[in-house]
Each structure stands twice: as C-alpha cells, then as structure tokens.
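Below are my notes on the two-chain model you sent round, set out as numbered points. I have kept to what can be checked against the coordinates.

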Amino acid sequence: MAYLAHLGILISIFVMLSMSLNLVVGYTGLLSVTHVAFFGIGAYATAILLTMTDIGFFTSVVVGIIAALTSSFLIGLILSKFDDDFYALASLGFNIIVFSIFLNLQSVTGGPFGISGIDRPELFGFIFTSNVSFLALTLIALVALYFLSHFIVNSSFGRVIKAIRDDEKALQIFGYRTHYYKLTIFMISAGMAAVAGSFFASYITFIDPSSFAATESVFILSMVILGGLADNKGAALGAATIILLPEFLRFVGMPSDIAAQMRQVIYGLLLIVLMIYRPQGFLGKYRL
Amino acid sequence: MDIFIQLTLNGLIAGSIYALVALGFNLSYGTMRFFDLGYSALIAVGGYTVFFLSRQIGLPLPISILIGTIMAGIAGYIIYLLVYVPLRKRKASNMALLVASLGIFTVIQAVIGIFFSSQFRTLSGPVDAERIFHVFGGSITRIQVIILGTSIVVMFALAIIFRFTTFGKSIRAIGDSEEVSKIVGINTSRIIGYVLFIGSAIAGLVGILVGFDTGITPTMGFSLLLKGVVASIIGGVGNVYGGVVGALFLGLIENYGIWHISTEWKDAIAFGLLILFLYFRPQGIFRK
C-alpha cells in the first residue's frame with residue numbers, strides 16, 4: 001500500500017508539472033525547455049525554509065510560488081520576444097543558469113550535496129508522515145491545479161493563448177499585445193511548477209541539483225508531448241506512463257541501472273516515432 | 001601577466017573545440033534549418049568508438065581515430081535516412097524536428113550507457129607522458145596543440161570545399177533555398193546526406209579530441225553542442241565563418257570570466273551571453 005501510495009505521489013507531482021508545462025507548450029505553442037528550473041525554485045524554497053526557519057510547509061509553498069513568479073517574470077520578459085526554436089534555446093539557457101546557481105551557490109543551496117532533512121507538511125498539529133496521508137494532500141493540490149488550468153484554458157484568456165499558437169501575427173493585427181499574454185501564461189505555469197516542487201522536496205525530504213538539470217526539462221517535455229499537446233488528460237497520461245515505465249521494467253526483472261537506461265531508450269524512441277507518425281501525442285489536439 | 005596568458009591560451013583551446021562543434025552544427029543548420037540536438041550524441045559516438053577500439057580491442061591509435069571519425073559520420077547519415085528524411089517528407093515543423101532530435105540524443109546516450117556504463121572514462125593512457133609546451137609563460141599540453149591544429153585544418157578544408165567545389169556551391173545554394181536548388185537540378189537530399197556525414201564526422205572528431213584532453217561520458221556531447229550553438233548564435237547562425245569567430249569569442253569570455261569568479265560559473269557565463277545576444281542581437285555579430 002505504501003508502495004502504491006509512493007507511486008501515486010510521484011505521478012501526481014509529475015502530472016502537476018506536465019499539466020502546467022502543457023499550458024505553455026500545448027496551449028500557447030511555445031517550446032519551453034526550462035520547466036524544472038521553476039520546479040527547482042519551489043523545491044529549494046520549501047527545503048531552505050523548512051530546514052532553516054520554523055515557518056510551515058504551506059507558507060513555504062506560497063514563498064516558492066512568489067519566487068517562481070518573480071523569476072519567471074524576469075526571464076519571461078526576454079523569452080516573450082521569441083518563438084519556435086529560438087524560444088526553446090533561450091529557455092534552455094535559462095534552465096542551465098538556474099541549475100548552475102543551485103549547484104554553485106553553496107552557502108544557500110548546499111551545492112552538489114543538496115539539502116536533507118526536509119520536514120513533512122504539518123497542519124493544525126497533524127503531520128503528514130505516512131505516504132497515504134501525503135498522497136491525499138498531493139491529490140488535493142493536483143485537483144486544485146487541474147481545475148485552475150481547466151478554467152484558464154476555457155476562459156477568454158485561454159482562447160487568446162490558443163490563438164497565439166495558431167497565428168500570432170493575425171492576433172497582433174487585431175490589437176492584442178501578445179507579449180503580455182505569453183508572459184502571463186508562462187508565469188502561471190511557473191507558479192504551478194513551484195507548487196509541484198514544494199511537494200517534491202517535502203516528500204523526498206532530500207533534494208540536490210541533479211533533479212533540476214536541463215535534461216530533466218526535456219524529460220517533462222516528453223511527458224507532455226507523449227500524452228498529448230493541449231490536453232490536460234493527455235498530459236496526465238504522459239506523466240503516468242513515463243513514471244510507471246521504469247517500475248514496469250523492474251518487474252520484468254531488469255537490473256535497476258539498466259532499467260534506468262532502458263527507460264531513456266524507450267522514451268527517446270517514443271519521441272522519434274511520435275514526431276514522425278503522430279506529432280500531437282496520444283490524446284493531443286495540437287500538432288507540434 | 002602570466003595568468004592572463006594562460007587564460008588566453010585556455011580560451012583559445014576551448015574556443016577551437018567550440019569552433020569545430022559550431023562548424024558541424026552550422027553545416028546541418030545551414031541545409032536543414034533546424035536545431036539538430038541529436039548532433040550532440042555523435043560526439044560521444046566518436047569518443048566511445050575510439051575507446052572501444054584502442055583501449056578494449058587494442059587497435060593502433062591512428063586507425064581507431066580514423067574509424068571513430070567515420071563511424072560518427074555514418075551514424076549521422078543513418079539518422080538522417082531513418083529519422084529526418086521521413087520527417088521532412090511529412091513537412092514536420094522545426095519544433096517537431098527539434099523534439100525528434102532530442103529523442104535521438106536520449107536514445108544514443110542511453111545505449112552507450114548500457115554498453116559502456118555512464119562512468120567517466122579517459123582516452124589517454126595512464127602515464128601517457130603528456131608533453132607540456134611553454135609559450136610566453138603559459139603552458140599547453142601536446143593534445144591541446146593537436147586540438148588547435150585540427151580545428152585550423154578542418155576550418156581551411158571546409159573553406160576550400162565551400163568556395164571552390166561544385167559540392168560546396170550546391171550546399172550554399174540549398175542554404176539559400178532548397179526549393180530553387182531542386183528546380184535547377186541539385187539532388188538536394190543526397191547533398192544534405194553528404195553534408196550531414198561530414199558534419200557528423202567532425203562531431204566524432206570533437207569527441208575524440210575532448211576524450212584525450214579531458215575524458216568521455218555518454219552525455220558529454222550535450223553541453224559541448226550547446227556551447228557550439230551559443231557560438232553559432234553569437235557569430236550569426238548558419239554563417240560558417242561567424243560560428244568560428246563566435247566560438248573563439250565565447251572561449252575567451254568564459255576563461256577571462258573565471259579570472260574573478262570561480263570556475264563553476266563557466267556555464268552560467270556562456271548562457272548569460274546567449275540570452276544577451278538573443279535579446280539584443282539575435283542575428284549575431286556578422287549578419288546585418
């Protein structure tokens with residue numbers, strides 16, 4: 001049961017990530033390769049606040065969101081100028097810069113050794129120690145984020161970002177300041193990633209920079225593309241598939257280090273085959 | 001003063017590695033017009049082929065190096081036939097090509113990891129009696145001299161091919177417009193195939209050189225490629241000579257940068273530079 005809860009928590013956290021990235025990649029059509037930077041900002045905010053101060057988990061989530069919003073605002077100002085492959089490249093550059101801050105700002109982030117001993121959340125004296133209770137908390141956050149993003153993409157704002165994806169020029173001619181829309185959706189997505197990061201730090205109780213390297217952004221991106229661009233259920237399906245894949249390989253009896261590599265082989269091949277035969281992913285509505 | 005000379009030397013050596021990567025990358029970008037991140041896997045293919053042939057089978061070094069270079073070229077050509085040709089036939093967008101190329105990188109590095117483990121290896125022998133030369137008070141190893149020499153030779157060879165051969169002219173024609181090149185009777189897909197073979201062989205050579213200078217890991221190519229891309233953007237993407245100048249500029253900036261800041265920030269400096277350039281001068285130094 002604890003094992004199933006463990007998988008459930010991991011899947012929920014990564015669904016939060018893929019769903020929030022889908023807002024930018026799937027709905028707005030911007031290939032952002034920097035998502036784990038904000039995931040990391042949330043995770044480090046929670047880790048630092050919970051180990052060094054005694055403010056609770058939930059306050060640290062808010063601080064993480066604010067930190068992610070601020071940093072995504074600053075980099076978003078630059079990114080919103082680009083589209084297509086230059087957007088991908090510039091965002092990747094930002095991910096690498098953030099990663100090197102996590103890695104090298106030793107006094108704050110603990111450098112390559114990371115931060116350990118992060119507490120589980122506590123609410124009115126109840127501590128979410130068991131996996132099942134933590135899963136319940138994570139699911140609540142996931143459902144909240146799901147409805148938030150559902151609301152966003154179905155609002156008038158959501159129609160504008162989808163229109164940016166389909167034809168940004170035309171929208172500019174109608175007088176929309178598309179840069180502001182691109183910036184806003186990028187910040188919302190970053191804030192949601194920070195929430196996922198806080199849960200991740202508190203659940204694993206130990207974080208180090210390796211979880212937030214640029215290749216991990218590619219990993220999240222492949223979840224979105226696999227499951228389906230511009231479809232929230234697709235993003236969830238993609239995240240679940242990629243998280244469960246190594247567990248499945250382990251059941252088949254593959255040694256764990258080979259299984260880790262095999263997972264990459266499989267999802268790499270999936271990406272290639274999907275791009276050739278089905279560029280919108282399993283459930284997607286938008287072709288990359 | 002000594003430290004200034006040493007940093008200049010280090011900058012030039014790093015710059016010439018980046019220049020080789022940028023050359024190969026620009027060859028593929030110049031003809032196919034997308035960011036081919038799969039190119040980075042071929043760097044590791046070159047390095048690991050030499051590792052396998054010379055250190056595990058015991059072939060003489062020059063032969064292994066030759067085979068390693070050709071292997072990377074062939075691998076690049078096969079990838080082109082299996083992945084890029086079908087994608088281009090389906091008129092896939094740049095982003096779809098970019099995602100597929102990420103898939104290629106993921107697959108190849110994982111396969112290498114399965115066969116050779118992802119540990120750090122070095123190509124040079126344990127006590128290879130690495131000769132050290134002294135130039136103006138700075139020191140430089142033999143392999144670094146070879147790196148400088150190789151990049152100069154490759155640059156001139158490519159310049160001659162570009163300027164004086166029909167093949168070079170067709171490459172430039174395809175870079176200007178693939179459609180028109182087809183109309184005037186250039187077999188574009190064959191030429192692009194050759195170009196990718198040459199570009200990939202250069203990537204293999206980079207992997208081998210870096211393997212002798214520092215060492216090899218399955219993911220070694222990714223950061224090298226990113227540096228090459230940064231160099232190309234600084235010089236003007238698709239512009240072969242610009243890439244070389246950009247690479248030397250990047251190598252020098254990185255190394256002068258760590259004069260006052262510690263070494264770990266090299267990557268942050270490089271990608272900070274990338275974002276600055278993308279923002280203020282996305283066409284690079286040379287394009288108008």
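**Notes on the model**

1. In chain B, a salt bridge joins B:K227 to B:E254, with the closest N and O atoms 3.0 Å apart. The model is a predicted one, and this pair connects distant parts of the chain, since B:K227 belongs to helix α9 (residues 220-235) of chain B and B:E254 to helix α10 of chain B, 27 residues apart. Both B:K227 and B:E254 are buried.

2. B:K227 also forms a salt bridge with B:D267, where the closest N and O atoms are again given as 3.0 Å apart. Here too distant parts of the chain are linked, from B:K227 in helix α9 of chain B to B:D267 in helix α11 (residues 266-280) of chain B, 40 residues apart. Taken together, B:K227, B:E254 and B:D267 are linked in a network of salt bridges. As to exposure, B:K227 counts as buried because its relative accessible area is 6%, while B:D267 counts as partly exposed because its relative accessibility is 30%.

3. B:N255 deserves a look alongside that network, as B:N255 lies in helix α10 of chain B, the helix that also holds B:E254. With a relative accessibility of 2%, B:N255 falls under the 20% limit and therefore counts as buried. Leaving aside residues up to four places away in sequence, B:N255 touches B:L7, B:N10, B:G11, B:A14 and B:K266.

4. Over all chains the structure holds five salt bridges. One in chain A pairs A:D166 with A:R165, the closest N and O atoms being 3.3 Å apart. The two partners should be described separately: A:D166 is exposed, because its relative accessible area of 57% is over 50%, whereas A:R165 is buried, because its relative accessibility of 18% is under 20%.

5. Does the geometry of helix α5 of chain B match or contradict its length in residues? Helix α5 of chain B covers residues 142-164, and its 23 residues should span 33 Å at 1.5 Å a residue; the end C-alpha atoms are 33 Å apart, so the two values agree. The buried residues of α5(B) are B:I143, B:Q144, B:I147, B:T150, B:S151, B:V154, B:L158 and B:F162. Among the elements of chain B that cover these buried residues are α1 (2-32), β2 (138-141), α6 (166-176), α8 (188-213) and α10 (240-260).

6. Two residues that are not glycines have a positive phi, and I would ask that each be inspected in the coordinates. A:A230 has a phi of about 60° and sits in the loop between α10 and α11 (232-252) of chain A; A:A230 is buried, because its relative accessible area is 6%. B:K91 has a phi of about 55° and is found in the loop between α3 (61-89) and α4 (94-116) of chain B; B:K91 is exposed, because its relative accessible area is 71%.

7. Turning to the interface, 39 residues of chain A are in contact with 39 residues of chain B. The area buried between chain A and chain B is about 3,500 Å², and carbon and sulfur atoms give 81% of that area. Three residues, A:D85, A:L89 and A:I276, supply 17% of the area that chain A buries against chain B, which is more than any other three residues supply.

8. Which elements give two or more residues to the side of chain A that touches chain B? They are α3 (57-79), α4 (84-104), α10 (214-227) and α12 (256-277) of chain A. Of these, α4(A) gives the most, with 14 residues. By class, the side of chain A that touches chain B is made up of 29 nonpolar, seven polar and three charged residues.

9. How many salt bridges and polar contacts cross between the chains? Across the interface of chain A and chain B the rule finds zero salt bridges, and two residue pairs are found in polar contact, both at pLDDT 80 or more. In any description of the interface, I would set these counts beside the 81% of buried area that comes from carbon and sulfur atoms.

Terms used
Residues numbered from 1 in each chain as written. Chains lettered and ligands numbered in written order. Predicted model: local features only at pLDDT ≥ 70, side-chain atom pairs only at ≥ 80, totals over all residues. Heavy atoms only, no water. Contact = heavy atoms within 4.5 Å. Buried area = accessible area lost by both parts, 1.4 Å probe. Salt bridge = Lys/Arg side-chain N within 4 Å of Asp/Glu carboxyl O. Polar contact = N/O pair within 3.5 Å; in protein donor to acceptor, adjacent residues only side chain to side chain. Helix = DSSP H or I, 4+ residues; strand = E, 2+ residues; numbered from the N terminus. Nonpolar A, V, L, I, M, F, W, Y, C, P; charged D, E, K, R; others polar. Buried < 20%, exposed > 50% of the residue type's maximum accessible area, 1.4 Å probe, protein only. Expected span 1.5 Å × (residues − 1).
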